[in-house]
Structure formats: C-alpha cells, structure tokens
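Trainee: Please take one part of this model and examine it closely, beginning with a single side chain and working outwards. I would like the account to be connected, with the contacts and distances stated.

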Amino acid sequence: MTEQSDADLVALARDGDGQAFAGLVERHHRPVFGLVLRTLGNRARAEELTQEVFLRVYRGLKYFRGQARLSTWIYRIAVNLCIEERAAARPEVSLDLPDGWERRPMDPGGVDQAFGAIELKDRLAKALARLTPRERMLVTGHYLRDVQYEALAEAMDMPLGTVKTHLFRAKAKLRKLLEEEL
C-alpha cells in the first residue's frame with residue numbers, strides 16, 4: 001500500500017474520514033510540537049498548543065485552498081498561536097529535563113561532562129527568550145527546525161528578502177546576547 005499525499009488525506013478528511021485526519025496529525029505533529037516547544041519553552045503548554053493547532057486545522061480544512069503546501073499552512077497556524085500565547089502569557093521556567101536526558105548518579109570525583117552542554121543549552125534558551133516573537137520564530141524555524149527561507153516567507157506572509165534581512169538581524173542580535181552572557 002502506498003503512502004497517501006497530503007492532498008489526498010485532506011480530501012478524505014474533508015469528507016469526514018477520521019483516519020485520514022489522524023494520518024495528517026501523525027505526519028505533522030512532531031515538527032509542529034518542536035516549533036511550539038522551542039518558541040514557548042514550556043513542554044506542557046506546548047502540548048496544549050499543539051492540540052489547539054490541530055483543532056484549528058480540523059476546523060479550517062474546508063477553507064484550505066491548497067495554494068500553499070499543507071505543512072506551510074499548518075506552520076502558519078502554529079506561528080500565529082505562538083505569537084498570541086507569547087503576547088498573553090508571562091514567561092515560565094521549566095524544570096523538566098530536556099528530551100533524551102536521563103538522571104544518572106553523579107560521580108563526586110568525576111567531571112560532569114553534561115554540565116557544559118546543559119549550560120550552553122540554557123544560555124541559548126535564555127538568549128532566544130530575549131528575542132522578539134518574530135525573531136524567535138525565524139531563528140527557531142530556520143536554524144533549529146531546518147525550515148527553508150521560502151517556507152518561512154510564505155508562513156509568515158513576508159517577502160523573501162525581508163525574511164532574510166530579519167533573520168540576519170535576529171542572528172546578529174542572538175550572537176550579541178550570547179556574548180553578553182559570557
């Protein structure tokens with residue numbers, strides 16, 4: 001059995017096929033969750049907002065014209081929700097361990113090799129939090145999620161040149177913030 005395209009799944013989901021919509025969610029959940037988590041920095045809230053993204057996708061499927069890729073349309077919904085969330089909420093600090101990290105017993109005489117990585121990740125998260133929502137979206141999308149310039153431009157409804165300029169400035173600002181941290 002061949003894997004169905006997004007367009008096929010959208011058509012089936014519009015006709016009420018729950019399995020088709022579940023397929024869309026399964027296909028796009030991970031990148032959307034990653035974007036929302038990187039933007040908000042709060043795992044529990046990111047899970048809630050990711051659900052909200054797909055709820056909006058479900059409700060809006062009948063309005064999706066297919067002029068852009070489905071992933072770009074979903075990404076735009078996620079970006080808008082994150083911007084709304086950042087405007088309405090105060091920042092929270094997560095005490096959860098990042099994905100892939102385990103609690104291991106410490107060797108009192110040994111060097112904690114993970115500390116450097118955690119410290120760097122913490123510095124990066126703090127510097128990203130000091131960027132504007134638009135700057136954070138661009139940096140997170142392009143450098144941490146590998147979203148191409150064209151897709152960012154389409155998702156953020158900005159000209160390609162403007163995306164590149166804003167991304168360049170955001171990267172310079174992030175570099176300056178990280179240097180100040182030292």
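## Helix α6 and its surroundings

Mentor: Leaving aside neighbours within four places in sequence, R136 is in contact with R38, T39, R86, L128, A129, R130, L131 and G141. The model is a predicted one, and the description below should be read accordingly. R136 belongs to helix α6, which spans residues 133-144. This arginine is buried, yet it has no salt bridge. The nearest side chain of opposite charge is that of E135, and it is 7.1 Å away, whereas a salt bridge requires the nitrogen and the carboxyl oxygen to lie within 4 Å. What the side chain of R136 does reach is a backbone oxygen, that of T39, at 3.5 Å.

E135, the acidic residue just mentioned, is engaged elsewhere: K173 forms a salt bridge with E135, and their closest N and O atoms are 3.1 Å apart. K173 lies in helix α8 and E135 in helix α6, so this pair ties together parts that are 38 residues apart in sequence. E135 counts as buried because its relative accessibility is 16%, with the limit for burial set at under 20%. K173, at 32%, counts as partly exposed.

R130, one of the contacts of R136, offers a further link to α8. R130 forms a salt bridge with E180, with the closest N and O atoms 4.0 Å apart. R130 sits in the loop between α5 and α6 and E180 in helix α8, and the pair connects distant parts of the chain, 50 residues apart. R130 counts as exposed, at 52% relative accessibility; E180 is partly exposed, with a relative accessible area of 48%.

The nonpolar side of α6 can be followed through V139. Not counting residues up to four places away in sequence, V139 touches L128, L131, L144, L167, A170, K171 and L174. V139 is also among the members of the largest nonpolar core that touch the most other members, together with V32, V36, V53, V57, I74 and Y75; this core holds 44 residues. The elements that give two or more residues to the core are α1 (6-14), α2, α3 (43-60), α4 (70-88), α5 (113-129), α6, α7 (149-155) and α8 (160-181).

Beyond α6, the chain passes V147, found in the loop between α6 and α7. V147 counts as buried, at 15% relative accessibility. Leaving aside neighbours within four places in sequence, V147 is in contact with Y75, G141, H142 and L152. G141 is thus a contact of V147 and also of R136. V147 and Y75 are 72 residues apart along the chain, and their C-alpha atoms are separated by 10.0 Å.

The backbone oxygen that R136 reaches belongs to T39, and this leads to helix α2. T39 is one of the buried residues of α2, a group that also includes V32, F33, G34, L35, V36 and L40. Helix α2 covers residues 18-40 and bends by about 45 degrees at H29; a proline, P31, follows within four residues. Both ends of α2 can be described. At the N-terminal end D17 acts as a cap, with a side-chain oxygen 2.9 Å from the backbone nitrogen of Q19. After α2 comes G41, whose phi is positive, near 75 degrees.

H28 also lies in α2, and it is buried, with a relative accessible area of 9%. The side chain of H28 makes a polar contact with that of D6, at 3.1 Å. Apart from residues up to four places away in sequence, H28 touches D6, F54, L70, S71 and I74. D6 is in turn part of a network of salt bridges that links E3, D6 and R27.

The salt bridges of the model number nine by the 4 Å rule. One of them joins E85 and R45, whose closest N and O atoms are 2.8 Å apart. E85 lies in helix α4 and R45 in helix α3, so the pair ties together parts that are 40 residues apart in sequence. E85 is buried, with a relative accessible area of 14%, and R45 counts as partly exposed, at 28%.

To return to the starting point: R136 is buried without a salt bridge, and its side chain reaches the backbone oxygen of T39.

Conventions. Residues are numbered from 1 along each chain as its sequence is written. This is a predicted model: local features need pLDDT of at least 70, side-chain atom pairs count only at pLDDT 80 or more; totals for chains, interfaces and linings use all residues. Side-chain values use heavy atoms; hydrogens and water are left out. The bend at a residue is the angle between axes fitted to the seven residues ending there and the seven starting there. Buried means under 20% relative accessible area, exposed over 50%, partly exposed in between (1.4 Å probe, protein chains only). A polar contact is a pair of N or O atoms within 3.5 Å; within protein, one must be able to donate a hydrogen and the other to accept it, and residues adjacent in sequence count only if both atoms are side-chain atoms. Contact means heavy atoms within 4.5 Å. Lys and Arg count as positive and Asp and Glu as negative; His and the chain ends are not counted. A nonpolar core is a set of buried Ala, Val, Leu, Ile, Met, Phe, Trp, Tyr and Cys residues joined through side-chain atoms within 4.5 Å.
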